[in-house]
Amino acid sequence: MPEAIWGFHAFSFGGQLTSEQLRPVFDAAMKAGLNLWDTAYAYGMGTSEKVLGEFLRTVPRENYLISDKFIPQCADPAADNAITAMYEISTRLLGTDFMDIYWIHNPVDAPEWTRKLIPLAKSGKIGRIGLSNHSLAEIKEAAEILEKEGLRIAVEMPDEESANGWLEAVSNEIYECL
């Protein structure tokens, strides 16, 4: 697996630009060492993953990392396991069978989605579990659920309110040490 130093957010790959317009962006990013590609089905309802997948198929898999997200609002409520269903759609569009990082991107029903992520995580189809836009309490709860299954959160990105509170606490501790 390559070491990611910089990544590229592929949100715009699901927008108004064509594959032909985006290809030079992809090529320049890879040439510059931006090998972590962050995407989600929600970016253009699969368009970002489809376009990015077309480009990634031209590069050896060991040369890039994929960061993708489960977004509850895009989930199929009729699916037995909406996380697995969305993961399978995303991997098909991206042309891969492995996600380096798979995020639960929204705290809606966070404990339920965390539990439903466990079979996918244990299957070896994801390298790291990420949580984003969750409060610190939700991150802690998810960590406890995963820990009981021998899993852990590898990447956390708290919601803005929690992040600001954490940064304020750390800043105060640093100030007190001065």
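Here is a short chat about how some strands and helices in this predicted model get their labels.

Student: Why are β4 and β5 called paired strands?

Tutor: Pairing takes at least two bridges, and strand β4 (residues 99–104) shares five with strand β5 (residues 126–134), in the parallel sense. One of the partnerships joins Ile101 to Arg128 in β5.

Student: What makes the crossover from β4 to β5 right-handed?

Tutor: The chain goes from β4 through helix α4 (residues 110–122) to β5. With the strands pointing away from you, a right-handed path over the helix runs clockwise, and this crossover is right-handed.

Student: How do you know that β2 and β3 pair?

Tutor: Same test: the cut-off is at least two bridges, and β2 and strand β3 (residues 65–70) have three, again in the parallel sense. Asp38 sits opposite Ser67 in β3. Helix α2 (residues 47–56) joins β2 and β3 in a right-handed β-α-β unit.

Student: What makes β2 mostly covered?

Tutor: Buried means under 20% relative accessible area, and four of the five residues in strand β2 (residues 34–38) are buried.

Student: Why is α3 called oblique to α4?

Tutor: The axes of helix α3 (residues 82–94) and α4 cross at roughly 55° and come within 8 Å. Roughly parallel needs an angle under 35 degrees, and roughly perpendicular needs 65 to 115, so α3 counts as oblique to α4.

Student: Which residues make that contact?

Tutor: Ala82, Ile83 and Tyr87 come from α3, while Trp113, Lys116, Leu117 and Leu120 come from α4. By class, that's six nonpolar, no polar and one charged.

Notes
Residues numbered from 1 in each chain as written. Predicted model: local features only at pLDDT ≥ 70, side-chain atom pairs only at ≥ 80, totals over all residues. Heavy atoms only, no water. Helix = DSSP H or I, 4+ residues; strand = E, 2+ residues; numbered from the N terminus. Buried < 20%, exposed > 50% of the residue type's maximum accessible area, 1.4 Å probe, protein only. Axes fitted to C-alpha atoms, helices over the stretch in contact; angles between N-to-C directions. Parallel < 35°, antiparallel > 145°, perpendicular 65-115°, else oblique. Contact = heavy atoms within 4.5 Å. Nonpolar A, V, L, I, M, F, W, Y, C, P; charged D, E, K, R; others polar.
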